[in-house]
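Me: Got a minute to walk through this model with me? Here it is.

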Amino acid sequence: MTDKDRLVPDEGLAPASTALPGGAGPLEEFTKPPSSQWREVWDQFKNHKGALYGGILFLVIVLWVYLGPFLWTIDATHIDIRARNQGPSLTHPFGTDQLGRDTFARMMAGGKTSVSVGITAMLLALGLGSFVGVMAGYFRRLDGLLMRLTDLFLALPLLPLLLVMMLLFRDPLNAAFGPERGIFILIVAAIGVTSWMPTARIVRGDVLAIKEREFILAARSIGTTNAKMILRHILPNVLSPIMVSATLGIATAIITESALSFLGLGFPPDFPTWGRLLFDATDYLQQYPERVLWPGLAISLTVLSVNYLGDGLRDALDPRIRGR
Amino acid sequence: MLTFTIRRLVLAVPTLLFISLVIFLLLELAPGDPMAQVPLTVPPDVKEKMREALGLGQPGYIRFWKWLVQFFWIEPQVLIDAIFGSSFSEGDLRVISWQTRSPVMDIVVQRIPQTLWVVGTAYIVGILIALPIGIYSAYKQYSWFDQAGTFVSMIGFSVPPFFSGVLVIVIFSVNLGWFPSIYDTTHKVVDWDSFVYQLQQMIMPVTVLALQITAQISRFMRASMLDNLNQDYVRTARAKGLGETTVVMVHVLRNSMIPVVTVIALGVPAIFGGAIITEQVFKVNGIGQLLIGAIQANDLPMVQTLTFIFAVLIVLFNLIADVLYGLLDPRIRYD
């Protein structure tokens, strides 16, 4: 972080930090080291209540799905046919399903897959989007070509294409990597390849603006190579739109994965994800309507928390709003 | 403006051709064999003939060309024939579905009214709710109404239709028994009772879709109003002594509607895409359901045609949005 702090220009931020009517007295003002950009981002972020709670909730959900299985040791695939279709109890807080599998454990296992898919697909889309955006913004020669490509991808009907991709590549990938890993790779790749366009557009716009700034000229005048220029000067400066895209990317990826599973074209039946659990629960809608509630709530809460997080990040990372 | 429209229309042609090629090449990789369901007792040479009857014998580029000709040349002729009773398309081979062995476009035409009824109503309802909410939340920024509006639209963003749909089914159909959970597309409106039934079965899918649409458009409306409320011309209008209603509802609203109208236009194809899931939840017999069925049955001509229709909608409404923007905002000149 410290390396980035030095590189980030802070012209616009200086007045905001001195004008802050905080509790710091005049003496403290001098002894305190000048607050870094990330410190101010955090201060602004803290003030956005929705974002703070959203961030905490998302952290709790992530910890629950990744660390929960270590504490709650019932296996998600353990079939106990005598204890099937039970309501909530102490041994099974969320009840059991039609095969007597513990719904609480299945929710954690499903969440682990859903959240992993969300984060990995977001990283892929982000990487692709940032790469295309930086290339298009930085190299004038590539701009036209790459932006036409982005427009083309935006014109593709994504959900139908995702469904088609699921259908086509499922079997070959399952054969190559095994049923679970194969479908994981397929879903992550499919979501990543179809959701990088907004990031690319935003990043390109920002790169175009930053490219004209004096510090880039200064860096160029001391002979910085293109690769160094992008890695050390351009990328740290477009980090904020990338971070906002990242949070929103997780949300869309989780929803897309659940939608695919819900349409029966995602993960295989014995491999729980939140979308799959919801899909399975709709079969028992008449008898056990409460069963759709848990996965649905989990998806909605995760996406809601991530959306609030992104909202707060956008405000916190925007120097025009910060300090107000 | 006209030159811009024409230029964009001309540019749309290679885009659409490229998209159709991408879709075709994707489907070309399909591992499924349309002959898989044919009994093993059928001799191989007969199977080969059946394969050729489906048009599978030729190399890919010829099949792509044939599909292009069928879609862009023969299908419009069929449409003209259907309207004017002429016979341009007689004897021409149309895009045939492998599932039903009937022309794809006939099935699409059968399914479109269901989708349009549900999705179209939802879109209009959503917009009608969203606009007042957006206007009032911007006018009273940070009031409790604005906070509540923000929260509701966050929920609209976050709750996916396959959960909100199932949830309303659980509440209103399973527990309360007010509405039917399955949309009956064969239902015909002939008298008052059947009209009431039609309303009842439409309420839930329309609500689910409208919630999402309202969430998006009210946010846009609010942001756009906020941008305009602080402009100098608003102060001028107030200084002239115009009433608050006139200032907000005429001066600010008309200027704020410019980006919102384009967003509404851009949302139309996305709603068709998003309706796939809602149609699946409520068993609406529309286009989305047709696509899912075709994908599961490996019906490649159907999938190709439907996906392409979605692409055409996206490109077309992008164009409409751009042209509308230019028409509504005199500051924007494309030429």
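**Spans, a buried arginine, domains**

Reply: Sure: residues 182-203 of chain A have end C-alpha atoms 31 Å apart, and the span is 91% helix and 0% strand. Helices are DSSP runs of H or I with at least four residues, strands E runs of at least two, numbered from the N terminus. This is a predicted model: local features need pLDDT of at least 70, side-chain atom pairs count only at pLDDT 80 or more, and totals for chains, interfaces and linings use all residues. Residues are numbered from 1 along each chain as its sequence is written, and side-chain values use heavy atoms, leaving out hydrogens and water.

Me: And how far apart are the end C-alpha atoms of residues 292-310 of chain A?

Reply: 27 Å, with 95% helix and 0% strand over residues 292-310 of chain A.

Me: New topic. Where does Arg111(B) sit?

Reply: Arg111(B) is in helix H4 (residues 104-139) of chain B.

Me: Which side chain of opposite charge is nearest to Arg111(B)?

Reply: Glu279(B), 6.9 Å away. Arg111(B) is buried (under 20% relative accessible area, 1.4 Å probe, protein chains only), yet has no salt bridge (Lys or Arg side-chain nitrogen within 4 Å of an Asp or Glu carboxyl oxygen).

Me: What does the side chain of Arg111(B) reach, then?

Reply: The backbone oxygen of Gly286(B), at 3.3 Å. Beyond neighbours within four places in sequence, its contacts (heavy atoms within 4.5 Å) include Asn285(B) and Leu290(B).

Me: How is chain B divided?

Reply: Into domain 1 (36-97) and domain 2 (107-328), with bounds from an automatic or database domain assignment. Their C-alpha centres lie 37 Å apart, and 6 residues of domain 1 are in contact with 8 of domain 2.

Technical notes:
Chains are lettered from A and ligands numbered from 1 in the order in which they are written. Buried means under 20% relative accessible area, exposed over 50%, partly exposed in between (1.4 Å probe, protein chains only). Lys and Arg count as positive and Asp and Glu as negative; His and the chain ends are not counted. A polar contact is a pair of N or O atoms within 3.5 Å; within protein, one must be able to donate a hydrogen and the other to accept it, and residues adjacent in sequence count only if both atoms are side-chain atoms.
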